[in-house]
Amino acid sequence: YNASTDVNYTMSVSMTGCLYWSNSKSKWAGEGCKVGPNSDASKLHCLCNHLSAFGGDFFVAPNPIDFDKVFAEFGRMGETGNFVVLSTICVIWGLFIAGMIFARKADKKDEKKVRLILYLAENIENGFVYQISVQTGMWRGYGTTANVGLSIFGEEGKTGDILLTDPELEKVFFARGSINNFTLVVPEDLGELTKIKIWHDNSGRSPAWFFHQVMIVDMQTEKQYYFLANRWLAVEKGDGQIDIEIPKAEKKDLSGFRNLFYSRTAKSLGDGHLWLSLFTRPPHNPFTRCQRLGCCLSILFATMVTNAMFY
């Protein structure tokens, strides 16, 4: 492209159609209708041989992007003085690189928070097995550095205090948004579970803990029990308790507004929202922050190109 010798012509292409609502087909159809000669880019003239509910179909073709001209204009930037596009792209790439550094560091920290199943009292042979999943709240500051303990009560027995940690493992337990899984083996069947007692020792730099729920699966019957909390276990927050008993949740509790609102809001915003989840991604989700940031960059550039083509 040579701006001094080449001549530019601008051509606009659009596709139009005259339609009517067909009750028999339950859709818009074009039989008996055609575009009239008075149509232009601002209005549509329709000619139909029957009466019905009419509408127009108007599609504007996107503007083609001539990349040869784009790169040629970059070479003439000293003459035109138009640095806006180049500056915008450079700023976006700079923010992306800085964001990738942050995201990679955060992903590395999350790897220490992801827990495989921890076996408790696995030396008991022919015991009764229970799978325990403890879920911490999604938002910042909801995790705890304290040691967490649990007791399970059933109709036919109960466990003692069980410490849900292992000091020999270099992993972070009960981090924000985490789901910690444990396998418990006990010598006697607990029967139908009725309640749990959960507590922490208020140790560490940030012992306050927002505890979402516990799910226990009786592996003998494969029955699931839910124990809902959605509350703080902290001396300085909530009601100040760090030791509570929680009864088994019934169906009405699981489908209650409070539980559904918190669960869906936390998942939709903290994990499902692409941009917000750069900061609130739960550690157990395999969709990393680096991958999310790359998707954000792709969406941003795709939006810029789309605007250039259609507007």
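Here are some short questions and answers about how the features of this predicted model get their labels.

This is a predicted model, in which local features need pLDDT of at least 70 and side-chain atom pairs count only at pLDDT 80 or more, while totals for chains, interfaces and linings use all residues. Residues are numbered from 1 along each chain as its sequence is written, and side-chain values use heavy atoms, with hydrogens and water left out.

Q: Why is V305 called partly exposed?
A: Buried means under 20% relative accessible area, exposed means over 50%, and partly exposed is in between (1.4 Å probe, protein chains only). V305 has 39% relative accessibility, so it counts as partly exposed.

Q: What makes strand β11 mostly covered?
A: Six of the eight residues in β11 (residues 179-186) are buried.

Q: How do you know that β7 and β11 pair?
A: Two strands pair if DSSP finds at least two bridges between them. Eight bridges join β7 (residues 128-136) to β11, so these antiparallel strands count as a pair. In β11, N181 is the bridge partner of S133.

Q: Which residues make the nonpolar surface patch?
A: I65, F67, V70, F71 and V305 make it, and it covers about 440 Å². Patch residues have over 30% relative accessible area and no salt bridge (a side-chain nitrogen of Lys or Arg within 4 Å of a carboxyl oxygen of Asp or Glu); nonpolar side chains are joined within 5 Å, like charges within 9 Å. Helix α1 (residues 67-75) gives the most, three residues, while V305 is found in helix α7 (residues 289-310).

Definitions and conventions
Helices (H or I, at least four residues) and strands (E, at least two) are DSSP runs, numbered from the N terminus. Accessible areas come from the Shrake-Rupley method with a 1.4 Å probe; for residues, only the protein chains shown count as cover.
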